[in-house]
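This report walks through one protein model step by step, from its overall make-up to a few single residues. Please keep the sequence and the structure in view while you read.

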Amino acid sequence: MRVDFDPEAMGGPAFYRFLTSVVVPRPIAWISTVTPDGSIENLAPHSFFSIASTDPPIVQFTSIGRKDTLRNVEDTGEFVVNFSAEPLLDLINATATDFPRTVSEFDFAGIEREASLRVRPPRVAASPVVLECRSHTTLRMGNSTLVFGRVFLAAVEEVYLVDDRPSPERLRPLTKLGGDQWGTLGEILHLSRIPYEEPQPA
């Protein structure tokens, strides 16, 4: 027997907890930004993250409320997506705290920076893959803002490449589940897509 959950009856916060326990696992965009004057470099994980377009290459993340990441992207038009790998879990979690905009999560958590090539926000030096992005479009939706960023440069540590593509086994991606739960890669299944074939006349 199914149990019904009514978003209107439950209210936003309660249904948020339900929804984020159902839409799992979610990849995590560990996003670095900088304030307009360049004085504070911020870093925060966002688990509402996906690809929006491949040509041109555009990625998308969602800011629930007006967080520092969103403000900085609106003010500067730039951000970096740093890949969230399993060995970086403690550092990623440390940057999830709701710090004031004047506090740099890089400095607070002792995270080493690496200069970007196409945008001002720095990369996370220990992240195996980085996407340097410029804001393409933002879209307000309810209590959230969707940020679409065009990828102008991707950089990968060579050791994570197999046949010129990043290897998930080597990357060891982290994912977000419900509540305080995180997920790791687990078993990888290989299954080819079945092509459609026109039926032949008898």
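## Overall make-up

A residue is called buried when its relative accessible area is under 20%, exposed when that value is over 50%, and partly exposed in between. By this standard, 38% of the 202 residues of the protein count as buried. The model is a predicted one, and the values in this report are computed from it.

The chain forms 6 helices and 14 strands, and its C-alpha atoms fill a box of roughly 70 × 50 × 30 Å, taken along the principal axes. About 12,600 Å² of the protein is exposed, with carbon and sulfur atoms supplying 54% of that area. If one looks at contacts between residues at least 6 apart in sequence, 58% of them join residues that are at least 24 apart.

## Strand pairing around β6, β9 and β10

Strand β6, which spans residues 78-83, is mostly covered, since 5 of its 6 residues are buried. Which strands pair with β6? One of them is β2 (residues 29-34), which is antiparallel to β6 and is linked to it over 4 bridges; here I31 stands opposite V81. Strand β9 (residues 129-141) also runs antiparallel to β6, and 5 bridges join the two, with V80 of β6 placed opposite E132 of β9.

The pairing continues from β9 to β10, for these two strands are antiparallel over 12 bridges, and S135 has G149 in β10 as its bridge partner. The hairpin of β9 and β10 has 2 residues between the strands, and G142 takes a positive phi near 60° in this hairpin. Strand β10 (residues 144-156) is in turn joined by 7 bridges to β5 (residues 57-64), again in the antiparallel sense, and I64 stands opposite S144 there.

## Two nonpolar cores

Which residues have the most contacts inside the largest nonpolar core? This core has 13 residues, and those with the most contacts inside it are V59, F61, F79, V81 and C133. At least two residues of this core come from each of β2, β5, α3 (68-76), β6, β9 and β10, so the strands described above return here as suppliers of the core.

C133 shows how parts that are apart in sequence can touch: leaving aside its neighbours within four places, C133 is in contact with V59, G77, E78, F79, V81, V119, G149, R150 and V151. There is also a second, separate core of 10 residues, which includes A85, F106, I111 and L174.

## A small open sheet and the segment after it

An open sheet of 3 strands has the order β1-β13-β14, and its pairing is antiparallel. The edge strands are β1 and β14 (182-183), each of which pairs on one side only. Between β13 (residues 175-176) and β14 there are 2 bridges, and T175 has G183 in β14 as its bridge partner.

In the segment after β14 lies L185, which is partly exposed because its relative accessible area is 33%. Its C-alpha atom is separated by 7.9 Å from that of T175, although the two residues are 10 apart along the chain. Not counting residues up to four places away in sequence, L185 touches P168, E169 and P173.

## Loops, a surface patch and backbone details

On the surface, L19, V22 and V23 make a nonpolar patch of about 250 Å². V23 is placed in the loop between α2 (12-22) and β1 (26-27), and V23 counts as partly exposed because its relative accessibility is 46%. P25 is found in the loop between α2 and β1, and a cis peptide bond with omega of about -10° joins V24 and P25. Another cis peptide bond leads from D55 to P56, with omega near 5°, and P56 lies in the loop between β4 (49-54) and β5.

Two residues other than glycine are worth finding for their positive phi. D164 has a phi of about 65° and sits in the loop between β11 (161-162) and β12 (165-166); with a relative accessible area of 73%, D164 is exposed. R172 has a phi near 50° and belongs to the loop between α6 (168-171) and β13, where R172 counts as partly exposed at 38% relative accessibility.

Definitions and conventions. Residues are numbered from 1 along each chain as its sequence is written. This is a predicted model: local features need pLDDT of at least 70, side-chain atom pairs count only at pLDDT 80 or more; totals for chains, interfaces and linings use all residues. Side-chain values use heavy atoms; hydrogens and water are left out. Buried means under 20% relative accessible area, exposed over 50%, partly exposed in between (1.4 Å probe, protein chains only). Two strands pair if DSSP finds at least two bridges between them. A nonpolar core is a set of buried Ala, Val, Leu, Ile, Met, Phe, Trp, Tyr and Cys residues joined through side-chain atoms within 4.5 Å. Contact means heavy atoms within 4.5 Å. Patches are made of residues with over 30% relative accessible area and no salt bridge: like charges are joined within 9 Å, nonpolar side chains (Val, Leu, Ile, Met, Phe, Trp, Tyr) within 5 Å. Accessible areas come from the Shrake-Rupley method with a 1.4 Å probe; for residues, only the protein chains shown count as cover. A salt bridge is a side-chain nitrogen of Lys or Arg within 4 Å of a carboxyl oxygen of Asp or Glu.
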